[in-house]
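Biologist: Could you take one part of this structure and walk me through it slowly? I'd like to see how a single piece sits among its surroundings.

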Amino acid sequence: MTGETEVSNTEDVYILAIESSCDETAAAVVKNGREVLSNVISSQIDLHKLYGGVVPEIASRKHIERINQVIEEALAVAKMSLDDMNAIAVTYGPGLVGALLVGVAEAKAISYAKNLPLVGVHHIEGHISANYIENKDLEPPFICLVVSGGHTHLVRVRDYGEYEILGRTRDDAAGEAFDKVARAIGLGYPGGPKIDSLAKKGNPDAIVFPKAKVADAPFDFSFSGLKSAVLNYLNGCKMKGEPIVEADVAASFQKAVVDVLIEHAMLAVRESGLDKFALAGGVASNSALRAAAEAACKDNGIHFYHPSPILCTDNAAMIGAAAYYDYIRGVRHGFDLNAVPALKLGER
Ligand code: KG4
Ligand code: ZN
């Protein structure tokens, strides 16, 4: 990375952002970090559904097929051209290496051809920054719970681009647990939204599943034990010939996840002395998690923020939002920018 002088904040900044870390090929044009002029997402979900999860090789191939079209559409919707852009932003990690590489190579090519500054963005920083888009008043510091298919992080956002990880999952991510439990009860992929809607018809107190806690680590999570408990429950019912009420299993599992997420998050907010809490990531669109977060924040006098569902799951607008704050601080990447599949938050 090369640092350059900070940019004056009197001129408008237009960023073309690209996201291809998993199974969504996405491009967006974002003005001044918070105004989304276009947000095009080409999802591969229908393709990966056939295999019950994301197949990395297929994801990379599809990104290559779709990326140019998605970028052209993002520019067309914004009624702008590459000549109007001030910078190109791209997710360079964490994620699937072959998938990330497509976006990174594309961004580097555009940056070179159009002589535009290149800003590499951390995917999780993107998820967190999705909150800035619809909450124009939100400024760091705040506590953010990032819950997606690949990550479960409790983060103290100290400033733009400055993060302290307070807690994380020791094994499965929250979204991964949703997807695995959904598969076990035959709901298909991706499981999160399906469990969310089925749970509305079930009793969350029907089955008591263990909490995904880790001894002596109040901000960490462990979802693999909870997932196993659900699988054991299902097997036990089958062996005893007892009927399985899928809606009750979904509601009870979801409650176990939501309870521990909110409990740890509220403890983190209280200990931080801050009064702002945000949700981010695909699981942040879960209706039970949102309702529980809203109620807990109200009880504790905390301001609650969350992105719309379309900005919770993978998209490029969130990458453009994160990139803006990097860009105005002078963050620039060179043509040696590479995909970093296990990139750590706060690392450059
Ligand atoms: O953030 P995201 O699009 O991708 C990653 O960066 O991982 O998150 C995808 C995850 C999937 O595991 C999906 O099942 C979950 O988010 N998800 C949900 C809901 N919508 C998406 N989980 C629970 N409830 C939902 N409504
Ligand atoms: Zn994501």
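**A close look at helix 9**

Modeller: Sure, let's start with what's tucked away: in helix 9, the residues Leu 289, Arg 290, Ala 293, Ala 296 and Cys 297 are buried. They sit on the same side of helix 9, because the arc they cover around the axis is only 135 degrees. The general rule behind that kind of pattern is handy: an α-helix has 3.6 residues a turn, so residues three or four places apart point the same way. Keep in mind that this is a predicted model.

What about the other face? Turned away from the buried side, helix 9 carries Lys 298 and Asp 299, which are exposed.

So what lies over the buried residues? Among the pieces covering the buried residues of helix 9 are strand 7 (142-147), helix 8 (246-272) and strand 10 (276-280). Strand 11 (303-305) and helix 10 are also included in that cover.

Now look along the length. Helix 9 runs over residues 287-300, which makes 14 residues. From the first C-alpha of helix 9 to its last is 20 Å, close to the 20 Å expected at 1.5 Å a residue.

The two ends have their own details. At the start of helix 9, Asn 286 has a side-chain oxygen that comes to within 3.1 Å of the backbone nitrogen of Ala 288. Just after helix 9, you'll find Gly 301 with a positive phi of about 65 degrees.

Terms used
Residues are numbered from 1 along each chain as its sequence is written. Chains are lettered from A and ligands numbered from 1 in the order in which they are written. This is a predicted model: local features need pLDDT of at least 70, side-chain atom pairs count only at pLDDT 80 or more; totals for chains, interfaces and linings use all residues. Side-chain values use heavy atoms; hydrogens and water are left out. Helices (H or I, at least four residues) and strands (E, at least two) are DSSP runs, numbered from the N terminus. The expected span of a helix is 1.5 Å times one less than its number of residues. Buried means under 20% relative accessible area, exposed over 50%, partly exposed in between (1.4 Å probe, protein chains only). The arc is that of the directions from the helix axis to the C-beta atoms. Contact means heavy atoms within 4.5 Å. A polar contact is a pair of N or O atoms within 3.5 Å; within protein, one must be able to donate a hydrogen and the other to accept it, and residues adjacent in sequence count only if both atoms are side-chain atoms.
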